[in-house]
Amino acid sequence: MRSAHRPIDLIGQTDMIRVASLSKLTGCEIWLKLESQNPGGSIKDRAALQIIKDAMASGELEPGMTVVEGTAGNTGIGLAIVARSLGLNMLAVMPNDQSPEKERMISLHGAQLKTVDPVPFRNENHFYHTARKLAESRDDYWWANQFENTSNARAHYLTTGPEIWQQTDGDVDIFVSVAGTGGTIAGNSMYLKERKQDVQVWLTDPDGSGIYSYLKQGEYVANGGSFTEGIGIMRLVENFKQAKIDAAVNLPDQDLLALSRYVRDHDAIVLGSSSALNLAGALQAAALHGPGKTIVTFACDLGERSASKLYNEDYLKGRGLNLELEPINEMFARYRDSGERVWYKPS
């Protein structure tokens, strides 16, 4: 138990929980690190704190200035909390198709919110470019630039990776993570592989993202789309360049839907969409590596932030998803017997 003077003093040092149902099914020890315990409710609090701390230490950012960032939601929430705690202002630029739960939290934490239409990255009206242009328009604005600012990965190298190592007593065989900016998988993979070179790092990629394609064939190609928010990249960014990845799997939303309901009903764990993707990746890794492994992944944020999508039957039907769900033991068997969606780093 900790006592703190500011919310930012409580960022990090999150607990882990064993996912009993999947551990029993797979014969592995599958653990979720509960990043929803951070003050802003997500793993992005860690990057937000490190990005702002490093910028203030270098003199780029001073009290009274405004932090500007393009975000799918969680980084904006984290930056809003950190900024308010350190005498800064926050302006978040967000595509208007993200969950209303995230929009609401950014505003509740006192940040200014600007929403824009969702467009491809090459379009100058993309939320990333909009944030950059806004930051360049005033001397008292500062662009956090979470994709290219490697303080993002540094946050996980300094805090998250060491916590996982300590919590598992160094007995971690497989680390599984999605990638949005790439900072989480980069920082953790660098730290864990320094401590134990044969730790397997698995990336889980949704439909609509090009990372799996990039790793497999060297170019960003995406097929379909996903209800996951803030996950997936269609370009090579500085944080992701640092990631040390051994395997990657591309998984469809239908699998995330089935898994989210299974762990809710069997483990009383309500997952957000990115967390469901992480856990599906852990299940795939367990299926192909076999029993006896210790696997760690993240509950990236609060499951309630996915209420309007992952837990909304009308929305799911509108996306063409089947609400008659595949039994998890059958999904596990399918993962074990088929590896067509899995890429392994060449020896």
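Reader: How many Å does helix α7 reach from its first C-alpha to its last?

Author: This model is predicted. Helix α7 covers residues 183-195, which is 13 residues. At 1.5 Å a residue, 18 Å is expected. The helix comes close to that, with a reach of 19 Å.

Reader: Is α7 largely enclosed by the rest of the structure or largely open, and how many of its 13 residues are buried?

Author: Buried here means under 20% relative accessible area. Gly 183, Tyr 191 and Lys 193 are among the residues of α7 that meet this. The helix is largely enclosed by the rest of the structure, because the buried count is 11 of the 13 residues.

Reader: Which elements do the buried residues of α7 pack against?

Author: Both helices and strands take part. The strands are β7 (174-177), β8 (200-206) and β10 (294-299). The helices are α6 (151-167) and α9 (238-241).

Reader: Which side chain of opposite charge is nearest to Lys 44?

Author: Lys 44 sits in helix α2, residues 44-58. Lys 44 is buried, yet has no salt bridge. A salt bridge needs a distance within 4 Å. The nearest side chain of opposite charge is 8.6 Å away, and that is Glu 69.

Reader: Which residues is Lys 44 in contact with, leaving aside neighbours within four places in sequence?

Author: Contact means heavy atoms within 4.5 Å. With the sequence neighbours left aside, the residues are Asn 74, Thr 75, Gln 146 and Thr 181.

Reader: What is the radius of gyration of the chain?

Author: The chain has 347 residues. A compact globule with that count would have a value near 20 Å. The chain agrees with this, at 19 Å.

Terms used. Residues are numbered from 1 along each chain as its sequence is written. This is a predicted model: local features need pLDDT of at least 70, side-chain atom pairs count only at pLDDT 80 or more; totals for chains, interfaces and linings use all residues. Side-chain values use heavy atoms; hydrogens and water are left out. Helices (H or I, at least four residues) and strands (E, at least two) are DSSP runs, numbered from the N terminus. Buried means under 20% relative accessible area, exposed over 50%, partly exposed in between (1.4 Å probe, protein chains only). Lys and Arg count as positive and Asp and Glu as negative; His and the chain ends are not counted. The expected span of a helix is 1.5 Å times one less than its number of residues. The radius of gyration is taken over C-alpha atoms; the globule rule is 2.2 Å times the number of residues to the power 0.38.
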